[in-house]
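Let's take a friendly walk through a protein chain together. Have a look at the picture below, and then we will go through it piece by piece.

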Amino acid sequence: MKIAIPEGSGPIGLYGFARPRAECAEELERLLLSFVEPTRAEPGAWQYQVHRDASDPTTLVFYELWRSRDDLRKHLARPDLARFQETRMDYLREDLEINWLTPLTATKPVN
């Protein structure tokens with residue numbers, strides 16, 4: 001899966017679902033959580049959250065908000081994330097589901 005970022009300008013958001021294979025659930029959770037702090041430190045990362053689906057605790061849900069598409073492209077090119085994109089199916093029972101958002105009210109978060 002090559003992540004195809006929609007064209008446009010301005011901030012971009014996304015949410016998605018990671019549905020792990022049963023034997024890889026804990027490992028995938030640890031891996032996704034390991035991306036949180038480094039990602040939040042990136043200049044264009046306005047939000048980066050990982051959740052557990054309340055109705056299906058085996059599913060992990062991620063939400064991201066980026067200042068720009070270029071910031072998101074730089075993020076996805078990080079070696080650890082590029083490696084995850086290549087090996088993701090080792091962990092997943094089906095491919096990542098990614099849904100794109102065009103933020104209407106996004107502003108830079110106050111730190």
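## Helix H4 and its neighbours

Please keep in mind that this is a predicted model. A good place to begin is helix H4, whose buried residues pack against two other helices, H1 (25-34) and H3 (69-76).

Which residues of H4 (residues 79-87) are buried? They are Leu 81, Phe 84 and Gln 85. Looking down the axis of H4, you would find these buried residues within an arc of 100°, so they line one face of the helix. Pro 79 and Glu 86, on the other side of H4, are exposed. A handy rule helps here: an α-helix has 3.6 residues a turn, so residues three or four places apart point the same way.

## Helix H3 and what covers it

Now move to H3, where the buried residues are Arg 69, Asp 71, Leu 72, His 75 and Leu 76. Viewed down the axis of H3, they fall within an arc of 155°, so they too line one face of their helix.

What covers the buried residues of H3? The cover includes the strands S1 (12-18), S2 (45-52), S3 (60-66) and S4 (97-101). Helix H2 (36-40) and H4 are also part of that cover.

## A loop residue

Next, find Asp 95 in the loop between H4 and S4. Is Asp 95 buried or exposed? Its relative accessibility is 31%, so Asp 95 counts as partly exposed.

Asp 95 also shows how a chain can bring distant positions together: Pro 20 is 75 residues away from it in sequence, yet their C-alpha atoms are 9.2 Å apart in space.

## The whole chain

Time to step back. The protein chain has four helices and four strands, and from the N terminus on they follow the order β-α-α-β-β-α-α-β. Among contacts with a separation of 6 or more, 72% are between residues 24 or more positions apart.

How does its overall size look? A compact globule of 111 residues would have a radius of gyration near 13 Å, and the protein chain, at 14 Å, agrees with that. Its C-alpha atoms fill a box of roughly 40 × 30 × 25 Å along the principal axes.

## Inside, surface and charge

Of the 111 residues, 39% are buried. The chain exposes about 6700 Å², and carbon and sulfur atoms supply 53% of this area.

Finally, the chain carries 15 positive and 18 negative charges, and the mean positions of the two groups are 5 Å apart.

Key: Residues numbered from 1 in each chain as written. Predicted model: local features only at pLDDT ≥ 70, side-chain atom pairs only at ≥ 80, totals over all residues. Heavy atoms only, no water. Buried < 20%, exposed > 50% of the residue type's maximum accessible area, 1.4 Å probe, protein only. Arc of directions from axis to C-beta. Contact = heavy atoms within 4.5 Å. Rg over C-alpha atoms; globule rule 2.2 N^0.38 Å. Areas by Shrake-Rupley, 256 points an atom, 1.4 Å probe, with all protein chains shown as cover. Lys, Arg positive; Asp, Glu negative; His and termini not counted. Charge placed at Lys NZ, Arg CZ, Asp CG, Glu CD.
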